[in-house]
Amino acid sequence: MTDANSYTGKLVTIERYILEQQQSHPEATGTLTNLLYDLALAAKIIASKTTRAGLAEILGSAGEENVQGEEVQKLDAFAQRTLYRLNDHTGRLAVMASEEVEEIIPIPERFPVGPYVLVFDPLDGSSNIDVNVSIGTIFGIYRRKSTAGRGTLEDVLQPGRNLVAAGYILYGASTMMVYSTGNGVHGFTLDPAIGEFLLSHPHIRLTDKPKYYSVNQGYQPYWTPGVQAYTEWLQRDTPEKKGLSLRYIGSLVADFHRNLLAGGVFYYPADRKDPKKPGGKLRLIYEANPLAFLIEQAGGYASDGTQAILDIQPTKLHQRVPLFIGNRILVEQAEALIRTHDQTAVSL
Ligand code: P6P
């Protein structure tokens, strides 16, 4: 596979990069490559709307008609429809699953099925749109396990260790697409002038001098003793690291992306504040697993506080999971303190 240096100073589109990565897999048929193209196109279409979200008052808000007489959709519904309609007919997927849809999403009978499974959160953090905070799309790609016909729930309920690709799109000051197919993590920035994602962050690796810890400290009274002790450890200078600074945006993709580039740990632990969410707030299938795949590809680690996220066998489509993700040394310390202080296993 081409290394990062060979691209220095060149204008490399995501399409070229994906294609060149495919060339290091002689057995590849191009289906995964085309699926990644489809996701890059979906990202451009969604980005074209997110950058205008603040104009709802002028262009009409969701449920109303805009000046062109079109029904304005909520951005997350628009993102859902965009991802669905770009993937339902291509013959690359056996089944889809989305944060926005209660059950698995079958490929319509009139279209062919294919070898892959796509799971996604179409627009995570959409509650931040009204205050103009960055939001994101998260996706994961598996090979189907079933051998024929429409894909099944079992095809979707695969452990993250089985992922063949994962990534996210961050709609922020600029729009970025970051993905991995198991050969490192690579970031692309959208140049709106030409409508292309250009290689801006080849081979992203976590620094060994992490800077930030990211958690909603507002829930501290509800954390277990282990998580309390962990937070205090993060704030102190220790032999392993300097005391970290707190940065929390409240948008998973934005918090994850900052820590990926600057080093650190994000955690959303189980808390006892909301008995309906004993296993934390974040979802395993289409939030924790894809990001856990990426962080391991970047040299980090992701845990639910007791085990690797990627090793968890999912049992429900929308199951929640506590999440500690970032530099391995930081995440393993969370596991150690939870083991020491919280005798009861972290409930899933
Ligand atoms: P809290 C956004 O609503 C989200 O799902 C994630 O993007 C984010 O990390 C988390 O919830 C923030 O949750 O409870 O801190 O507001």
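The largest nonpolar core here takes in 43 residues, and Tyr168, Leu260 and Ile309 are the ones with the most contacts inside it. Helix α8 (residues 284-297) chips in the largest share, 9 residues, and the core draws at least three residues from each of domain 1 (4-204) and domain 2 (212-341). Keep in mind as you browse that this is a predicted model.

**The cores**

- Ile309 is a good place to start looking around: leaving out residues up to four places away in sequence, Ile309 touches Leu284, Ala288, Asn289, Ala292, Ala302, Ser303, Asp304, Val321, Pro322 and Leu323.
- There's also a second core, separate from the big one, with 39 residues; Leu39, Tyr116, Val164 and Leu199 are among them.

**Helix α7, tucked away**

- Helix α7 (residues 252-262) is largely enclosed by the rest of the structure, because 10 of its 11 residues are buried.
- The buried set in α7 runs through Leu252, Val253, Ala254, Asp255, Phe256, His257, Arg258, Asn259, Leu260 and Ala262.
- So Leu260 turns up twice, as a buried residue of α7 and as one of the residues with the most contacts inside the largest core, where buried means under 20% relative accessible area.
- Right after α7 comes Gly263, with a positive phi of about 85 degrees.

**Around the ligand**

- The residues surrounding the ligand are Asp124, Gly125, Ser127, Asn216, Tyr219, Tyr248, Gly250, Ser251, Leu252, Phe266, Tyr268 and Lys281.
- Leu252 from that list is also one of the buried residues of α7.
- On the Asp124 side chain, an N or O atom sits 2.5 Å from an oxygen atom of the ligand.
- Tyr248 also brings a polar side-chain atom to 2.5 Å from a ligand oxygen.
- For Lys281, the distance from a side-chain N or O atom to an oxygen atom of the ligand is 2.9 Å.
- On its own the ligand has 400 Å² of accessible area, and the protein covers 83% of that.

**The whole protein**

- The secondary structure adds up to 9 helices and 13 strands.
- Of the protein's 348 residues, 54% count as buried.
- Among contacts with a separation of 6 or more, 63% are between residues 24 or more positions apart.
- The protein's accessible surface is about 15200 Å², and carbon and sulfur atoms account for 51% of it.

Definitions and conventions:
Residues numbered from 1 in each chain as written. Predicted model: local features only at pLDDT ≥ 70, side-chain atom pairs only at ≥ 80, totals over all residues. Heavy atoms only, no water. Core = buried A, V, L, I, M, F, W, Y, C linked by side-chain atoms within 4.5 Å. Buried < 20%, exposed > 50% of the residue type's maximum accessible area, 1.4 Å probe, protein only. Helix = DSSP H or I, 4+ residues; strand = E, 2+ residues; numbered from the N terminus. Domains from an automatic or database assignment. Contact = heavy atoms within 4.5 Å. Near = heavy atom within 4 Å. Polar contact = N/O pair within 3.5 Å; in protein donor to acceptor, adjacent residues only side chain to side chain. Areas by Shrake-Rupley, 256 points an atom, 1.4 Å probe, with all protein chains shown as cover.
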